[in-house]
Amino acid sequence: MARRIEQEDLTASLAEALQFISHQHPPDFVRALRRAHAAEIHAPTKAAMEQLLINSRLAALGRRPICQDTGVVQVFLRIGVGVQFSRRDGATPLGLQQVIDEAVRRAYTDPVNPLRASMIRDPLGMRANTRDNTPAIVFSEIVDGDELEVTVAAKGGGGDVKARFATLNPSDSVLDWVLAQLPGMGAGWCPPGVVGIGIGGSPEQAMLLAKRSLFDPIDIDRLRSAGPANAEQALRLELHSRINDLGIGAQGLGGLSTVLDVKVATAPCHAATIPVALVPNCAATRYLRFVLDGSGPASFEPTPLSEWDGIADRFDTADATHVDLDKLESAEVATWRTGQTLLLSGRVLTARDAAHKRLVDLLDRKQPLPVDLRGRAIYYVGPVDAVAGEAVGPAGPTTATRMDKFVERLLGETGLLAMIGKAERGPAAIQSIRRHRAAYLVAVGGAAYLLSKAIRRARVLAFEELGMEAIHEFELADFPVTVAVDSRGTSIHRITAKPPASIGG
Ligand code: SF4
């Protein structure tokens, strides 16, 4: 006898799950981040992890997104052979893509907690945003049983884009291959996070193995205590130690913890090959698994607030330098040193990819810019829409590397003094910063809600039609940043961005 599952229950459960994961870190992630923070001795990295923890708590309390990049929706269905889909209204059941897209639409346009829509319909055309974050990316398999198991994830641009794949020879070392990938991934995936490794199968199966392996709780400490029982577990332990020994660290700032765990999943494969895939989960790890058995929609238990016991409400640091952006001058920028913590107050401009392109196009045509950049700082950000009581929604930094190609023009021709983003800069951008005695500052990727609380006012100054990519002016109050490239061209990142430029955020 088939088990009837109403499609309305799938839509309602998924919409609720997407809202839930936008502001709820899984408890195992919070615990692992706390352990890494407690063990860290490198000051800028420890401060970054402290901000991630404060942000995690505030997002859960405020039910607002952990990160401004609220992600692309990925849904993995395991459909029992005994499941029969029906509709409560008696209509003919819809295709599952339609059912799931309705949930995404509902979740991302929820007026109480609107999420940022990041999906574009036509990657090679106008790249128009679908505005409701549809379509979801859906995978399904038919399995034994009469239940529907759903795993849903919201993956930001900085996570999946760092995925790697190779087909190795049987005599090659998977360990060496993985270790060789990490430096090239840069910090755009906002470590610390979890790395999933898929080994075997076909190329697409290896990628899926890596992705799915990330949906198991963080348990590397337990495994280390128990000891490995097979080759997969031995590889996990070895990779966890060796990746952290690379010293990339949280946000790429150096230190002990680049990965909180490493997952390994394997499948049989052709005797002549080892397909191997790597997929990271970032600091905004967001996923949830639930089961529908025909008894109604799923409900979700929030992470107990006790998981954040002792975590502060705000980031405070006694040894930070206060900077008034309204009085910023080149001479002050020249005193900043790499690794220094600054608390920025005053007015900052925002611009990311599309606005940068337009500014440089105007420079090319020798036309006036819509904003005067002389003596100003630009923050690379695309915020979530505000709700009542907010100046702006969660507003963390996006990956600076994508703006590298515009740096020389803006620093050389506009009088711009500083840029704020996340992750490393490439050699040419660092040269430009040194040449023009400017600076590059990093805010913590994945601490978007905490950072938005240091933004007191926001208004659009130019390119309003670009939506979240418009040029805004934010008024900041003690907005925390670290000097990542100072005016002498000294970079805090051990890793240097290489083309193709990393993306995300
Ligand atoms: S900005 Fe960083 S933390 Fe946020 S989704 Fe992207 S990679 Fe994750």
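The following paragraphs describe two sheets, a helix, a ligand shell, a pocket and some backbone features of a predicted model. In this predicted model, local features need pLDDT of at least 70 and side-chain atom pairs count only at pLDDT 80 or more, while totals for chains, interfaces and linings use all residues. Residues are numbered from 1 along each chain as its sequence is written, and side-chain values use heavy atoms, with hydrogens and water left out.

Helices (H or I, at least four residues) and strands (E, at least two) are DSSP runs, numbered from the N terminus. Two strands are taken to pair if DSSP finds at least two bridges between them. Strands of a sheet pair through backbone hydrogen bonds, either parallel or antiparallel.

One open sheet contains four strands in the order β4-β2-β5-β10, and its pairing is mixed. Its edges are formed by β4 (137–143) and β10 (287–292), each of which pairs on one side only. From one strand to the next, the twist averages 15 degrees; axes are lines fitted to C-alpha atoms, for helices over the stretch in contact, and angles run from 0 to 180 degrees between N-to-C directions. Within this sheet, β2 and β5 (residues 148–155) run antiparallel and are joined by eight bridges. Arg 78 stands opposite Glu 149 in β5.

A further open sheet of four strands has the order β6-β9-β7-β8, again with mixed pairing. The edge strands here are β6 (164–168) and β8 (259–267), each pairing on one side only. Its twist averages 15 degrees from one strand to the next. Strands β6 and β9 (residues 274–281) run antiparallel, with five bridges between them, and Thr 167 stands opposite Pro 275 in β9.

Helix α7 (residues 203–213) relates to strands of each sheet, where contact means heavy atoms within 4.5 Å. The helix lies across β6, β7 (193–200), β8 and β9, running at about 145 degrees to β7. Helix α7 also lies across β2, β4 and β5, at about 95 degrees to β2.

Around the ligand there are 14 residues, of which Cys 67, Cys 190, Cys 282, Lys 422 and Gly 446 come nearest; a residue is near a molecule or strand if one of its heavy atoms lies within 4 Å of it. The shell comprises five nonpolar, six polar and three charged residues. In this classification Ala, Val, Leu, Ile, Met, Phe, Trp, Tyr, Cys and Pro count as nonpolar, Asp, Glu, Lys and Arg as charged, and the others, Gly among them, as polar.

The largest pocket holds about 1600 Å³ of space. A pocket is an open set of points on a 1 Å grid over the protein atoms alone, where a 1.4 Å probe fits, with protein on both sides within 12 Å along at least five of seven lines; lining residues have an atom within 4 Å of a point. Of its 50 lining residues, Ala 117, Ser 118, Asn 129, Met 468 and Glu 469 are closest to the centre. Elements giving two or more residues to this lining are β2 (72–80), α5 (157–160), α11 (353–364) and β16 (455–462). By class, the lining has 24 nonpolar, 12 polar and 14 charged residues.

Most residues other than glycine have a negative phi, and most peptide bonds are trans. A cis peptide bond, with omega of about -5 degrees, joins Thr 134 and Pro 135; Pro 135 is in the loop between α4 (96–108) and β4. The bond from Pro 191 to Pro 192 is also cis, with omega near 10 degrees, and Pro 192 is in the loop between α6 (174–185) and β7. Ala 423 has a positive phi of about 75 degrees although it is not a glycine, and is found in the loop between β14 (418–421) and α13 (427–435).

Terms used. Points joined across faces, edges and corners; volume = space filled by probe spheres on them.
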